[in-house]
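User: Please take a close look at one part of this model, the open sheet and the local backbone around it, and then place it beside a few other features of the chain. I would prefer one connected account to a list.

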Amino acid sequence: MTPILPTTRHELGLLYRARPAMAGLLLAGTAAQRWPLDGSPVRKVPGIGWVTADPVVARTVLRDHRSFTILGEGGVGNLWAQILGDWVLDLFDGAGHHDLRSRTRELFTEAVSRELVSAAWDERVAVAGEALRSGGTLDVAHLARILVGRMVISLLGTPCPAGHGGSWPDDEGALRIFETGERLATVALGTAGSTILTPAQVATARGIVAELNAGIPDGWRNAPPDTLLGRCRELGLGLTETSGLASLLMVAGTETAASAMARITALLIDTGEQHRMLASLRAGTEARAAVVALGAAVDDERAARLLNPGEADPVENVVREGLRVTSPASVIGRGVAADVEVGGAALRAGERIMLLVWSANAAAGPFRADRPYVRESRQLWFGAGRHLCLGAALARAEIGTLLRMLWSEDRPLRIVRRRAARGVLIPAWSELVVTR
C-alpha cells in the first residue's frame with residue numbers, strides 16, 4: 001500500500017513552519033507526481049512562472065545550458081550578480097564557468113573532503129560523542145551549526161578576532177560565523193516571485209559578504225597549499241575568483257548542510273530506520289571480522305565497511321537517502337534564455353521556471369535506510385549538469401561523519417526534545433536533543 005504522506009509528519013511540520021506558502025506548493029507538486037493530470041508535467045503558476053515536479057524534466061532543464069540560464073530572472077546567479085558585481089556573469093555561466101569548474105575539479109574530491117572534515121571537526125566531534133557515551137543529552141541541531149561554522153572558518157581562513165582569548169576556533173566563534181551565513185541566506189527570502197533585489201537588500205548583502213570574506217586576501221596570498229585558499233591559489237584562481245567561490249560556498253553550504261544533518265538524524269529515529277542501519281553496520285563488522293579470521297588483509301577503509309561485494313556502505317546509503325527525502329535546497333530556479341519546448345510546454349525567452357526538487361525527490365517514496373539508488377532523481381538534491389554542487393562530496397562527508405559518531409555505540413537514539421525553525425529559507429530544526 002502506497003503511503004498517503006510523502007514523509008514524516010515532523011518533516012511536513014518543518015516545511016510548513018519554514019515557509020507555509022512554499023510548503024503548499026511543494027506538496028501540490030508531490031500530489032501532481034502521484035496523481036498526474038493529462039497533459040504536460042510543466043505548469044504555469046500565476047506570480048511564480050513555470051513550475052515542474054517531474055525529476056526527468058528537472059534534469060533536462062538543468063542540463064540544457066543553451067535554453068536555460070542561472071543568470072536570468074529566477075536563477076541564483078541573478079541574485080549574486082547584484083551583490084558581487086557583473087564579473088559574476090562570466091564566472092557563473094558560459095566559458096568562464098566552464099574554465100572555473102575545470103580548474104576547481106580537485107578542490108573537493110572524496111578524499112580531500114574527508115581530510116577537510118577530519119581536520120576541522122575531529123576534536124569537536126569527539127567531545128560530542130563522549131557526552132552521549134556518558135549518558136548525557138546532545139542537541140544535534142546546535143552541534144550541526146557549530147560544526148558547519150568551524151568548517152567555514154577552516155575553509156575561508158577566518159582570522160581569530162582581535163582580543164579573543166583562548167583557542168580558535170571555538171564554539172562561540174563558529175556559531176557567530178554560521179549566523180552571519182544565515183543572514184546572507186535570508187536576503188533570498190521573498191524571491192520566489194522575483195530574483196530582483198531592492199537597493200536595501202543589495203547593501204545588506206554586500207556588507208555581510210565583506211564581513212565573511214575579511215580574511216580571504218591574506219589567506220589567498222599566504223595559506224599553505226593543503227588548505228582551500230592555498231589550493232585555489234595553486235590552481236591559478238585569482239583573488240576575485242576565490243572570493244566569489246568562497247561566497248558561493250558560504251551561502252550554499254551552511255544552512256543546507258546543518259539542516260540536513262539534524263533532519264536526517266530525526267528521520268532515522270522517527271521512522272525506526274536507525275535499527276535497519278545499525279543491523280547493516282553490525283553485519284558489515286561481522287563480515288570484516290570473518291575475513292580477518294581467515295587471514296585476509298583488509299587494508300582499504302571502504303572495503304572494510306562493505307557487507308558483500310557491490311553493496312553500499314550503510315551510512316553512505318543513509319546519507320544519500322536522507323538527502324533525497326529532505327532536499328534542503330527544495331527549489332531550484334532557472335531563467336529561460338531561448339524559446340524552448342520542455343515536457344510538452346512551450347517556454348519563451350525571458351520567462352522563468354521553478355524546479356520543485358523536494359517534490360521530485362519525494363516521489364520515490366518515504367525514507368528507507370537501505371533504499372537502492374533512484375535512477376530517476378539521481379543526485380537531483382545537488383542539481384545536475386555543469387552547475388552540479390561543487391561541494392557535494394564535502395556535504396556527504398560532513399553528514400556521514402556526524403551519523404557515525406551518533407551511532408558509534410551500536411545503540412539506538414531517542415529524541416528528548418525538538419523545536420522547528422520558523423520563517424527561514426531552509427527548513428531546519430532549531431533544537432533537536434537526543435540521548436541513548
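Analyst: What follows starts with the sheet, moves on to unusual backbone geometry, and ends with contacts made by helices. The model is predicted, and the description below should be read as an account of that prediction.

The sheet is an open one, built from 3 strands in the order β4-β10-β9, with antiparallel pairing. The edges are taken by β4 (138-139) and β9 (414-420), each of which has a single partner strand, so one side of each is left without a neighbour in the sheet. Between β4 and strand β10, which covers residues 429-435, the antiparallel pairing runs over 2 bridges, and Leu138 has Val434 in β10 as its bridge partner.

The loop between α18 and β9 contains Asp410, a residue other than glycine whose phi is nevertheless positive, near 60°. With a relative accessibility of 37%, Asp410 counts as partly exposed. A comparable entry concerns Arg378, which is likewise not a glycine and has a positive phi of about 50°; Arg378 sits in the loop between α17 (357-362) and α18 (392-406), and its relative accessible area of 34% makes it partly exposed. A further backbone feature is the cis peptide bond from Trp168 to Pro169, with omega near 0°, where Pro169 belongs to the loop between α8 (140-156) and α9 (171-186). As background to these entries, most residues other than glycine have a negative phi, and most peptide bonds are trans.

Turning to the helices, the axes of α1 (residues 9-18) and α14 (residues 255-271) come within 10 Å and cross at roughly 150°, which means that α1 is roughly antiparallel to α14. On the α1 side the contact involves His10, Glu11, Leu14 and Leu15, and these meet Arg263, Leu267 and Asp270 in α14. Sorted by class, the residues in this contact of α1 with α14 are 3 nonpolar, 1 polar and 3 charged.

Finally, helix α11 (residues 216-222) holds Arg221, which touches Arg233 and Leu239 when residues up to four places away in sequence are not counted. The C-alpha atom of Arg221 is separated by 10.0 Å from that of Gly238, a residue 17 positions apart from Arg221 along the chain.

Methods:
Residues numbered from 1 in each chain as written. Predicted model: local features only at pLDDT ≥ 70, side-chain atom pairs only at ≥ 80, totals over all residues. Heavy atoms only, no water. Axes fitted to C-alpha atoms, helices over the stretch in contact; angles between N-to-C directions. Helix = DSSP H or I, 4+ residues; strand = E, 2+ residues; numbered from the N terminus. Parallel < 35°, antiparallel > 145°, perpendicular 65-115°, else oblique. Contact = heavy atoms within 4.5 Å. Nonpolar A, V, L, I, M, F, W, Y, C, P; charged D, E, K, R; others polar. Pairing = 2+ DSSP bridges. Buried < 20%, exposed > 50% of the residue type's maximum accessible area, 1.4 Å probe, protein only.
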